[in-house]
Amino acid sequence: MAVTTTGHDPYLALRHRDYRFFIVARFLATMGVLMQDVAVGWQLYERTHSTLALGLTGLASVTPTILFALPAGTLADRFDRRNIVRLGRVLAGIMSVWLAVLSATHGPVWMIYGALFVGGIGFAFLAPAQSALISQVLPGEAFANGVTWNATAFQIAATTGPAVAGAMIGITGSATSVYVTGALMAAVYIVFLSLVRTREQRMDRQPVTRKTLAAGLHFVFSEELLLAAITLDLFAVLFGGATTLLPVYAKDILHVGPAGLGWLRASPSVGAMLTALWIAHRGPMKRAGTLLLSAVFGFGISTIVFGVSHSFALSMIALFLIGGFDAVSVVIRSSLLQLRTPDALRGRVNAVNGIFVDLSNELGGFESGAIASLVGPLLTVVAGGIGTIIVVIVAGAKWKSLRELDDLNTPVE
């Protein structure tokens, strides 16, 4: 892939030693978490044969974010973000060990949801601190490139993780080894993070009040472009999330078993990874607003194709395109978030973004599972794709600033 802009360095962020440790840590932890997602989905559907049971995993995971995101963002702006991330990963590791014990002993299903809730508390606190930490690892000129490589690393993990998890379940006939691996990766993350040297954090010294707690919300709602990009992502993923129902497609529609489920889960990540690599090498993004709207429209179309497919090959292609279109959306939204937010507000703004992202992903999963239990998976996925297209049309009509967004702006100092 050729660089299209003179002087553009696609590896700018990776040339920083501390960022390399940071991104490897995130890669390993993300891989472990996504392996566990496959294991939980497969285990629950094997035991319950209920799409609603799959949807409830999203509800169990997102509830802590709804409850704790705003105080978690405030903590990330007032205390050492690395310590907050470490504590969050400890809770995530406890979740992994708990799931491993439940899998090995065939513990009750309700305790699986309890473990997901505990892990969700850890993720609710670590997510805003971890997202804001990039501002202390990289100089401002490398932010956008760092965001792109973050997305690339995430998608590499999301490509390999589900495939490895599916293979492990297929070989062992159990999800236990997957959960043990997740716990080990959480521990490795903590070790790698200790090697990262960070620049001094700009602490928020204001007394904690309802106003300071809500400062992130106020900032997002006062920045029209941020609000538009986040809202578009929220409703698109809320309506268009098909991944929760992948265990149903793998078992009952495509008949490909746990290994096939792993490949289905990996396919969107392959598309997203290749797209993120292309973005990293192409230079500064032009006509970013139009590109964002087009990508989410393509996401909706691809979701419809996946919903009606009874072919494993066509389903893989549709999921590949879903991942590619989603990567464009993630890079643009994440870049706007990092580049337009002052450092003293990054924890709280990232917490607000986390609420939107988790609501769309996890509540979207709950919505898909609940509706599929009533009307079936095919109609649920197709209707979600149509809903995504409608969201794009409404967003494009409502926000002129989004349609006219060209270059992503320089960081706010």
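Here are some numbered notes to help you find your way around this predicted model.

1. Let's begin with the overall make-up. The chain has 16 helices and 0 strands. It holds 413 residues, and 56% of them count as buried. Of the contacts between residues at least 6 apart in sequence, 88% join residues at least 24 apart.

2. A word on the outside. The accessible surface of the chain is about 16400 Å², and carbon and sulfur atoms account for 68% of that.

3. Now for the interior. In the largest nonpolar core there are 44 residues, and Leu99, Leu116 and Phe306 have the most contacts inside it. Helix H1, which covers residues 17–48, gives the most to this core, with 8 residues. Another core lies apart from it and has 35 residues, including Leu226, Leu232, Ala288 and Val352. As general background, nonpolar side chains tend to be buried together in soluble globular proteins.

4. Leucine 99 is a good residue to click on if you want to look into the larger core. Which residues does leucine 99 touch, not counting those up to four places away in sequence? They are Val40, Ile112, Ala115, Leu116 and Tyr179.

5. Next, have a look at asparagine 150, which sits in helix H5 (residues 143–172). Is asparagine 150 buried or exposed? Asparagine 150 counts as buried because its relative accessible area is 16%, and the cut-off for buried is under 20%. Leaving aside neighbours within four places in sequence, asparagine 150 is in contact with Tyr19, Phe22, Ile23, Arg26 and Ile134.

6. Tyrosine 11 belongs to the segment before H1. With a relative accessible area of 35%, tyrosine 11 is partly exposed. Not counting residues up to four places away in sequence, tyrosine 11 touches Asn145, Trp149 and His281. Tyrosine 11 and asparagine 145 are 134 residues apart along the chain, yet their C-alpha atoms are separated by 7.5 Å.

7. Finally, please don't miss the nonpolar patch on the surface. Leu274, Leu314, Ile317, Phe320 and Leu321 form this patch, and together they have about 410 Å² of accessible area. Where does the largest share of the patch come from? Helix H13 (residues 312–340) supplies that share, with 4 residues. Leucine 314, one of the patch residues, lies in helix H13. Leucine 314 is classed as partly exposed because its relative accessible area is 37%, which falls between the 20% and 50% cut-offs.

Definitions and conventions:
Residues are numbered from 1 along each chain as its sequence is written. This is a predicted model: local features need pLDDT of at least 70, side-chain atom pairs count only at pLDDT 80 or more; totals for chains, interfaces and linings use all residues. Side-chain values use heavy atoms; hydrogens and water are left out. Helices (H or I, at least four residues) and strands (E, at least two) are DSSP runs, numbered from the N terminus. Buried means under 20% relative accessible area, exposed over 50%, partly exposed in between (1.4 Å probe, protein chains only). Contact means heavy atoms within 4.5 Å. Patches are made of residues with over 30% relative accessible area and no salt bridge: like charges are joined within 9 Å, nonpolar side chains (Val, Leu, Ile, Met, Phe, Trp, Tyr) within 5 Å. Accessible areas come from the Shrake-Rupley method with a 1.4 Å probe; for residues, only the protein chains shown count as cover. A salt bridge is a side-chain nitrogen of Lys or Arg within 4 Å of a carboxyl oxygen of Asp or Glu. A nonpolar core is a set of buried Ala, Val, Leu, Ile, Met, Phe, Trp, Tyr and Cys residues joined through side-chain atoms within 4.5 Å.
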